[in-house]
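Could you walk me through this protein model, from its overall makeup down to some individual residues? I would like the cut-offs behind each term as well.

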Amino acid sequence: MEKITGAEEGEPKLRPIRKKEQAFLTRELEHWRWLNLLDDRQASAISALYEPAGARFLQIFTALGAMLVGLGLLSYVAANWVIFGRSLKVALIVGGYILSVLAAYGLEPHYPHTARAFLLVGSFTYGGGIFLISQIFHEGGEIADALFWWMAGLVPACLLFKDRIQLLLIQAVSLIYFHSLYGVLLWMFGFYRSPVSPWSLWSFWMFLRSLPAFLCPLGVLAALWLLWRHAGRWRFGLHMNIFITLNFIGLHISNYFRDAVMVWLLFFAIGLFLCAAPLGRLKNTLDGWGVALTGVFGFGLSFPDVWRGSWLMARPEAVSAAAVATAIAACAALLWRINKGSLLAAAFFCLMILRYYLDFFYDFMDKALYFTTGGVLLMAMGFYLQRVHKKRRQS
């Protein structure tokens, strides 16, 4: 019988299930034991592979409480900023952090969820302390540097406790860190704060000169993936890392090329690659991201107005051709994934069809016929999505 392993070899990977699912599993195990398909030991081993969802709820509940406690401590120091002296301010911050870590260490063997909560209190105290101590001693600096040292201070706790909540906090801080470092706001839509000029040979030369500084955020990105592996390779953390990686790529590319269409095309190409490439153990998860990227950016690039103003379009008459070519490529990739049983791909394909119907037929069709045909089209799409869903469940 194949052994299922979790974060470490030899440790069972607990799968969260709802109470109804757990009750169903218990009834089925009793029935299988009655049929002599399983003995008591095997039934207990199967039952031990599943974790009630209430434990996850307890972890989230205690984590939210820890966040409030940490914010409350920082608010207390900030509210009494004028009254407290420098020594007392530093003592409260450092002492609160040390006591939180010691409490987490002491409670870990018997009360792991409470221990994680105290660890989170310490993490927020440590992060807030970086900014408060800098203000106490009137030390200047960049926000990105403070965020970097906050992440660096969270790494030991994540490694020692293998705590997923700590990793989620590191991931959230890393998102703010990347945006602060590159100084780009709403990069996906072409709104910038960075002084770097649009694409030119000079901007490319600036990019080459900034490569040493690029290694630091690249190291942060690599550390996120290593910590995710160390913490157990759980699915939500994987999705967060993929999102952060895509965000990192988009930030860096848009910071030097300042063309929203080019960034959209890049993500569209990444989506096409993820849809088609054999990617091993992570294929199911990455397939979903590939379909989402292909559908979202393929749908956006199917509008000719998006292409106008891009330096890629030297000839205005090529705008419509580029939009149609992108739509065809997106539909082909989506049909490929539909053939593999992807319900999300079917939804994006139907959305693309509906987009062209609403765009092309509104001006010259009779309105009664237009709405009637549109309704029939929506009903047909609903029926089609049900068939894909049914096929997926049967496969």
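Here is a short tour that starts with the whole chain and ends with single residues.

**Ground rules**

This is a predicted model, so local features are given where pLDDT is at least 70, side-chain atom pairs count only at pLDDT 80 or more, and totals for chains, interfaces and linings use all residues. Residues are numbered from 1 along each chain as its sequence is written, and side-chain values use heavy atoms, with hydrogens and water left out.

**The chain as a whole**

The protein chain contains 16 helices and two strands. Both kinds of element are DSSP runs numbered from the N terminus: helices are H or I with at least four residues, and strands are E with at least two. Of its 395 residues, 37% count as buried. Here buried means under 20% relative accessible area, exposed means over 50%, and partly exposed lies in between (1.4 Å probe, protein chains only).

Contacts are heavy atoms within 4.5 Å. Among the contacts in the protein chain with a separation of 6 or more, 67% join residues 24 or more positions apart.

How confident is the predictor? The pLDDT, its confidence in each residue from 0 to 100, averages 76 over the protein chain, and 73% of the residues score at least 70. Over residues 1-11 the pLDDT is below 50, and this stretch has 14 contacts in the model beyond near neighbours in sequence. Residues 191-200 also have a pLDDT below 50, with 33 contacts beyond near neighbours in sequence. Where pLDDT is low, the predicted coordinates should not be read in detail.

**Two helices side by side**

The expected span of a helix is 1.5 Å times one less than its number of residues. The table sets out α7 and α15.

| Helix | Residues | Number of residues | Expected span | End-to-end C-alpha distance |
|---|---|---|---|---|
| α7 | 164-182 | 19 residues | 27 Å | 27 Å |
| α15 | 343-360 | 18 residues | 26 Å | 26 Å |

At the start of α7, a side-chain oxygen of D163 comes within 3.1 Å of the backbone nitrogen of I165. At the start of α15, a side-chain oxygen of S342 lies within 3.1 Å of the backbone nitrogen of A345. Polar contacts are pairs of N or O atoms within 3.5 Å; within protein, one atom must be able to donate a hydrogen and the other to accept it, and residues adjacent in sequence count only if both atoms are side-chain atoms.

The buried residues of α7 include I165, L167, L169, I170, V173, Y177 and F178. In α15, the buried residues include A345, F348, F349, C350, R355 and Y357.

**The core**

A nonpolar core is a set of buried Ala, Val, Leu, Ile, Met, Phe, Trp, Tyr and Cys residues joined through side-chain atoms within 4.5 Å. Which residues touch the most other members of the largest one? Of its 58 residues, they are L167, I170, Y177, F178 and W307. Helix α7 gives the most to this core, with nine residues. Leaving out residues up to four places away in sequence, W307 touches V261, L265, L301, M313, V319, A322, A323 and T326.

**Residues worth a look**

Helix α12 (residues 283-301) holds D287, and T285 lies in α12 too. D287 is buried at 7% relative accessible area, and T285 is buried at 13%. Setting aside residues up to four places away in sequence, D287 touches L274, C275 and R337, whereas T285 is in contact with R235, L238, H239 and I242. The C-alpha atoms of T285 and H239 are 8.1 Å apart, with their positions 46 residues apart along the chain.

C275 itself is buried, at 2% relative accessibility, and C158 is buried at 0%. With a disulfide taken as a pair of cysteine sulfur atoms within 2.5 Å, the count comes to zero disulfides.

F131 sits in helix α5 (residues 112-136) and is partly exposed at 34% relative accessibility. Beyond its neighbours within four places in sequence, F131 contacts I143, A146, L147 and W150.

Finally, N36 is in the loop between α1 (19-34) and α2 (40-47) and is exposed at 67% relative accessibility. Most residues other than glycine have a negative phi. N36 is not a glycine, yet has a positive phi of about 65°.

Methods: pLDDT = per-residue confidence, 0-100.
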